[in-house]
Amino acid sequence: MTVSWEEICRYLNSLAVRGRQRETIQVYRPKLEAFFRFLPRGRLVTARTLEDWRLSLLKAGYSPGTVNTHISAANGLLAFLGRRDLQLIGQLDTGEEIQLELTRAEYLRLLTTARTQGRERTYLLVKTFALTGLRVGELDQMTAEAVAEGRVSVAEGGRRQEVPIPACLQRELESYLHRTGITAGPVFLTRSGRPMRRTQVSGEIRTLCRDARVDAEKSNPRCLRRLYQATQEQIRADVLSLAEQAHEQLLDAEQRTVGWENGG
């Protein structure tokens, strides 16, 4: 079957009619928008589509629990459209995983605490994970050269991908590099001049979370990356919503024009 964005909007509207909380609908919308973007040209859904999407989400770094919520949203859409045969049954095992989300307020508290304590490197680490979505293993790709170019080149699915560095972060990193005398190579170094190890990165963020009174379960780079992913999903959903509104306004304008031409 094919799926249109209009059908997804009808499904979301039906959730409101059925009394679902606004917060629930706000969670579903970006996940369904991500599903819509994943579909190939023609927006065709087959018996393997959800399984392929689940694998794609896992490769992108989403946790099993988060992937389950994405699939659940798509399953709900397919049930609404009368195609339960295309649903993906069964969920990924999350083990003891606790799916806690880092809120924007907590993120800002981390930054404020790092600034207050004069921990500039930790401050920039938090911002880098939250604004670029880099994994810990990709942190050494954030080099002085990448900062100058405004983008980081990372391996994704067997190919190179360019990750843009937001202008606000780029300016702060440039200032940091100038003051620390780093002219080439990785930005985040130890006192001995070596790239930070995974344990050192995690340790700095864990200590900062403790000082900022942020839940210990959220004191890891993965939660910061998840915040980046959620933010990007919301931005894409907002853009698609604006495009949808513009399309509806254009249709209304065309209908009025036809009415005038017919003497209406």
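Trainee: Where is Val187 found?

Mentor: In this predicted model, Val187 belongs to the loop between H8 and H9.

Trainee: Why is Val187 called buried?

Mentor: Check its number against the cut-off. Val187 has a relative accessible area of 0%, and buried means under 20%. So Val187 counts as buried.

Trainee: Which residues is Val187 in contact with, leaving aside its neighbours within four places in sequence?

Mentor: With that filter on, Val187 is in contact with Met142, Thr143, Ala144, Val147, Leu173, Tyr176, Leu177 and Ile182. Another pair to look up is Val187 and Glu174: they are 13 residues apart along the chain, and their C-alpha atoms are separated by 9.6 Å.

Trainee: Met142 is on that list. What does Met142 contact, with its neighbours within four places left aside?

Mentor: The contacts of Met142 are Thr128, Thr132, Leu134, Val147, Val152, Ile165, Leu173, Gly185, Pro186, Val187 and Phe188.

Trainee: Which residues touch the most other members of the largest nonpolar core?

Mentor: That core has 40 residues, and the ones touching the most other members are Leu110, Met142, Leu173, Phe188 and Leu224. At least two core residues come from each of H5, H6, H7, strand S1, H8, H9 and H10. H6 gives the most, with six residues.

Trainee: And what makes the other group a second core?

Mentor: It is separate from the largest one, and it has 28 residues, including Ile8, Tyr11, Ala34 and Ile71. As a general point, nonpolar side chains in soluble globular proteins tend to be buried together.

Trainee: Now the helices. What makes H1 roughly perpendicular to H4?

Mentor: Start with the angle: H1 (residues 5-17) and H4 (residues 64-80) pack at about 95°, with axes 10 Å apart. Roughly perpendicular covers 65 to 115 degrees, so H1 is roughly perpendicular to H4.

Trainee: Which residues meet there?

Mentor: From H1 come Glu7, Ile8, Arg10, Tyr11 and Ser14, and they meet Ala73, Gly76, Leu77 and Phe80 of H4. Sorted by class, that contact has five nonpolar, two polar and two charged residues.

Trainee: Arg43 has caught my eye. What sets its phi apart?

Mentor: Arg43 has a positive phi of about 55°, although it is not a glycine. Most residues other than glycine have a negative phi. You'll find Arg43 in the loop between H2 and H3.

Trainee: Why is Arg43 called partly exposed?

Mentor: Its relative accessibility is 29%. Buried would need under 20% and exposed over 50%, so Arg43 falls in between and counts as partly exposed.

Trainee: How do you know whether Arg213 is buried or exposed?

Mentor: Do the check again. Arg213 has a relative accessible area of 66%, and exposed means over 50%, so Arg213 is exposed. Arg213 lies in the loop between H9 and H10, and its phi is near 60°, a positive value in a residue other than glycine.

Trainee: Stepping back, how many helices and strands are there in the protein chain?

Mentor: The chain has 10 helices and two strands, in the order α-α-α-α-α-α-α-β-β-α-α-α along the sequence. Of its 264 residues, 42% are buried.

Trainee: What share of contacts joins residues at least 24 apart?

Mentor: Taking the contacts between residues at least 6 apart in sequence, 64% join residues at least 24 apart. As for the surface, the chain exposes about 14900 Å², and carbon and sulfur atoms supply 51% of it.

Conventions:
Residues are numbered from 1 along each chain as its sequence is written. This is a predicted model: local features need pLDDT of at least 70, side-chain atom pairs count only at pLDDT 80 or more; totals for chains, interfaces and linings use all residues. Side-chain values use heavy atoms; hydrogens and water are left out. A nonpolar core is a set of buried Ala, Val, Leu, Ile, Met, Phe, Trp, Tyr and Cys residues joined through side-chain atoms within 4.5 Å. Buried means under 20% relative accessible area, exposed over 50%, partly exposed in between (1.4 Å probe, protein chains only). Helices (H or I, at least four residues) and strands (E, at least two) are DSSP runs, numbered from the N terminus. Contact means heavy atoms within 4.5 Å. Accessible areas come from the Shrake-Rupley method with a 1.4 Å probe; for residues, only the protein chains shown count as cover. Axes are lines fitted to C-alpha atoms, for helices over the stretch in contact, and angles run from 0 to 180 degrees between N-to-C directions. Angles under 35 degrees count as roughly parallel, over 145 as roughly antiparallel, 65 to 115 as roughly perpendicular and the rest as oblique. Ala, Val, Leu, Ile, Met, Phe, Trp, Tyr, Cys and Pro count as nonpolar, Asp, Glu, Lys and Arg as charged, and the others, Gly among them, as polar.
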